[in-house]
Amino acid sequence: MRDTLLIALYAFAGAAATGLAGAGLLRLIRRRSLTASLAVVAAVGVVAMLAGTLAVAWAMFLSPHDLTVVTTVVAMAAVVSLATALLLGRWVVARSRELAVAARSFGDGGDFAAPDGPATAELEFLSRELAATSARLAQSRERERALEASRRELVAWISHDLRTPLAGLRAMSEALEDGVAADPDRYLKQMRTEVERLNDMVGDLFELSRIQAGTLPLMPTRISLYDLVGDALAGVDPLARQHGVRLVGGRIEPVPVEVDGKEMSRVLGNLLVNAIRRTPADGTVAVSVERSPEGVVLSVSDGCGGIPEEDLPRVFDTGWRGTHARTPPAGAGLGLAIVRGIVEAHQGRAGVRNIPGGCRFEVVLPAAVS
């Protein structure tokens, strides 16, 4: 029993010394290829066995003949182990390089395609993560392209809408200055109207900039949507009469919500003005408020004839006004973008869908906690 313990002690001492040396070597080559690290690991296993054997032989527990036999066996094992480690290392490195080349493609704007062939579990997991990252980057690039297109449209339309009233103001002011205006009072009234339009456009741009920057100040209070809708309908009644549109607000439940009254009035006002301007004379604009499993649904239905299905996803985009809405009375195309921004700031959502004869804009808000 004592001899067995001594043999184990000498073998452990020799193997431990080899392991420490191998750990130091691995630390030195930690930035080198994986093939070198695998070769060192394989060599450490074989040399540790040989060192333990030599330590036992030095302690006179092995005969010269037995030592020669063990050394020969260890040498053959070393050759096979090193060859296997080198093959494995070269295969892993080759697979890693293929992944690097594939990853470089989606970094340059392409899509990631995982290399064909088997791979270790770790490399397979890395391939899946790279594929998911590539998909997210593609979505981000698509959103960026959509935003850039929206910004270009907004700049073009804003430039057009600003140029028209400015040109009119310039012409009317020159006529008044030269004393050739046939009806100065009418000119002054028209100039005031144009200035108010310009002021509204600037106000919309400022509001939208605060929404997109996340700095829109909200002061939520508990209010009833019944009162909110009533005030909004009274505010747009003159515009509805001017366009010959009937306003209907029969299905309005007195549902309490926690919202900023001023901003939510702007939301409802924008939706109503948008609906009135796109509903033909003798048409109807209907407002309803009802509870739903998602919260409180505030809807505005018009008689615009519907929106093309391909345009529905863009209705709330900044600057979008459709193909028939490039005239100044349509505004700067910011009203619905402001609606969505204010609603989302209240943790709600805004949507639109077609109905027979028109479309229905819906705003879903969280119900007030009782």
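## Salt bridges and a sheet in a predicted model

D204, E207, R210 and R266 are joined by salt bridges into one network. Keep in mind that this is a predicted model.

User: E207 forms a salt bridge with R266, so which helices does the pair tie together?
Analyst: Start with the contact itself: the closest N and O atoms of E207 and R266 are 3.7 Å apart. The two partners are 59 residues apart in sequence, so the pair links separate parts of the chain. E207 sits in one helix and R266 in another, and these are α5 and α7.

User: Is E207 buried or exposed?
Analyst: A residue is called buried when its relative accessible area is under 20%. E207 has 4% relative accessibility. That makes E207 buried.

User: How far is E263 from the nearest side chain of opposite charge?
Analyst: E263 lies in helix α7 and is buried, yet has no salt bridge. A salt bridge needs a nitrogen and an oxygen within 4 Å. R210 is the nearest side chain of opposite charge to E263, and the distance is 4.3 Å.

User: Which residue forms a salt bridge with E194?
Analyst: E194 is buried, with a relative accessible area of 10%. Its partner is three residues apart from it in helix α5, about one helical turn. The closest N and O atoms are 2.9 Å apart, and the partner is R197.

User: What relative accessible area does R170 have?
Analyst: R170 forms a salt bridge with E174, and both lie in helix α4, four residues apart. E174 is partly exposed at 38%. R170, on the other hand, is exposed, with a relative accessible area of 59%.

User: Which strands are the edge strands of the sheet?
Analyst: The open sheet has five strands in the order β2-β4-β5-β7-β6, with mixed pairing. An edge strand here pairs on one side only. Those at the edges are β2 and β6.

User: In β7, what is the bridge partner of L298?
Analyst: Strands β5 (residues 295–301) and β7 (residues 358–365) run antiparallel and are joined by six bridges. L298 has its bridge partner in β7, and that residue is V363.

User: At about what angle does helix α6 run to β2?
Analyst: Helix α6 covers residues 225–243 and lies across β2, β4 and β5. Measuring angles from 0 to 180 degrees between N-to-C directions, α6 runs to β2 at about 170 degrees.

User: What do the buried residues of α8 pack against?
Analyst: Helix α8 spans residues 335–345, and its buried residues include L336, I338 and V343. These buried residues pack against α5, α7, β6 and β7.

How values were computed
Residues are numbered from 1 along each chain as its sequence is written. This is a predicted model: local features need pLDDT of at least 70, side-chain atom pairs count only at pLDDT 80 or more; totals for chains, interfaces and linings use all residues. Side-chain values use heavy atoms; hydrogens and water are left out. Two strands pair if DSSP finds at least two bridges between them. Helices (H or I, at least four residues) and strands (E, at least two) are DSSP runs, numbered from the N terminus. Contact means heavy atoms within 4.5 Å. Buried means under 20% relative accessible area, exposed over 50%, partly exposed in between (1.4 Å probe, protein chains only). Lys and Arg count as positive and Asp and Glu as negative; His and the chain ends are not counted.
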